[in-house]
Amino acid sequence: METFKLGEMESRFAELIWEYAPIRTGELTKMCEKQFDWKRTTTYTMLKRLCERGIFSNQKGTVYIEMTKEEFRAGQGSAFIQENFDGSLPLFLTAFSRKNKLDKEDIQKLQQLIDSYREEDAE
């Protein structure tokens, strides 16, 4: 089971937790029953899966965030680049920019990111 790969319902469930955590499991099961038409056991099964991946934790009946949505998405991006581009960001950007032209704003943001890393290296 890969940490950064979620099915559609796992993703929707995770979004719900990120929005409302910390949340009591009883309240979460009620929300899932209403939004997804899930039984209590389905909610607990799904929660257990995401807790095993280290995304959330269930401590004494309260669900906590262990990995923010931003951290999770960064992990997804890294895993994708690792799997598909041998971990090379330049190869990914080259492939991406062939199909999706970068506009001036994108180029400026990328340049600022590169400059900030250069400044960190210089320190």
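Is E15 buried, partly exposed or exposed? At 28% relative accessibility, E15 counts as partly exposed. Keep in mind for every view here that this is a predicted model.

**View 1. Helix α1 and what its buried side packs on.** Helix α1 runs over residues 8-20. With 13 residues, α1 spans 19 Å from first C-alpha to last, close to the 18 Å expected at 1.5 Å a residue. Its buried residues are E10, F13, A14, L16, I17 and W18. Those buried residues have plenty of company: they pack against α2 (25-36), α3, β2 (56-59), β3 (62-65) and α4 (69-85).

**View 2. Helix α1 crossing helix α3.** Two packed helices are described by the angle between their axes and the distance between the axes. Here the axes of α1 and α3 (residues 40-52) come within 11 Å and cross at roughly 85°. That crossing makes α1 roughly perpendicular to α3, since angles of 65 to 115 degrees fall in that class. On the α1 side, look for M9, E10, F13, A14 and I17; on the α3 side, they meet T43, M46, L47, R49 and L50. Sorted by class, this contact holds 7 nonpolar, 1 polar and 2 charged residues.

**View 3. E10 with its two arginines.** Side chains of opposite charge can pair when their charged atoms come close. E10 and R49 do this in a salt bridge, at 3.6 Å from N to O. The pair connects distant parts of the chain, with R49 in helix α3 and E10 in helix α1, 39 residues apart. E10 also meets R53 in a salt bridge, this one at 3.3 Å from N to O. That pair bridges a stretch of sequence too: R53 sits in the loop between α3 and β2, 43 residues from E10 in helix α1. Put together, E10, R49 and R53 are linked in a network of salt bridges.

**View 4. The network again, by accessibility.** How do the three partners sit relative to solvent? E10 has 9% relative accessibility, so it counts as buried. R53 is buried as well, because its relative accessibility is 12%, and the cut-off for buried is under 20%. R49, at 34%, counts as partly exposed.**View 5. K69 and E15, joining helix α4 to helix α1.** K69 forms a salt bridge with E15, and the closest N and O atoms are 2.9 Å apart. K69 lies in helix α4 and E15 in helix α1, so the pair ties together parts that are 54 residues apart in sequence. K69 counts as partly exposed at 26% relative accessibility, and E15 is partly exposed at 28%. For the overall tally, the structure holds 8 salt bridges.

**View 6. Y117 in helix α6.** Y117 is found in helix α6, which covers residues 104-122. Its relative accessible area is 48%, so Y117 is partly exposed. Going from Y117 to R24 takes you 93 residues along the sequence and 41 Å through space, C-alpha to C-alpha.

Terms used: Residues numbered from 1 in each chain as written. Predicted model: local features only at pLDDT ≥ 70, side-chain atom pairs only at ≥ 80, totals over all residues. Heavy atoms only, no water. Axes fitted to C-alpha atoms, helices over the stretch in contact; angles between N-to-C directions. Helix = DSSP H or I, 4+ residues; strand = E, 2+ residues; numbered from the N terminus. Parallel < 35°, antiparallel > 145°, perpendicular 65-115°, else oblique. Contact = heavy atoms within 4.5 Å. Nonpolar A, V, L, I, M, F, W, Y, C, P; charged D, E, K, R; others polar. Expected span 1.5 Å × (residues − 1). Buried < 20%, exposed > 50% of the residue type's maximum accessible area, 1.4 Å probe, protein only. Salt bridge = Lys/Arg side-chain N within 4 Å of Asp/Glu carboxyl O.
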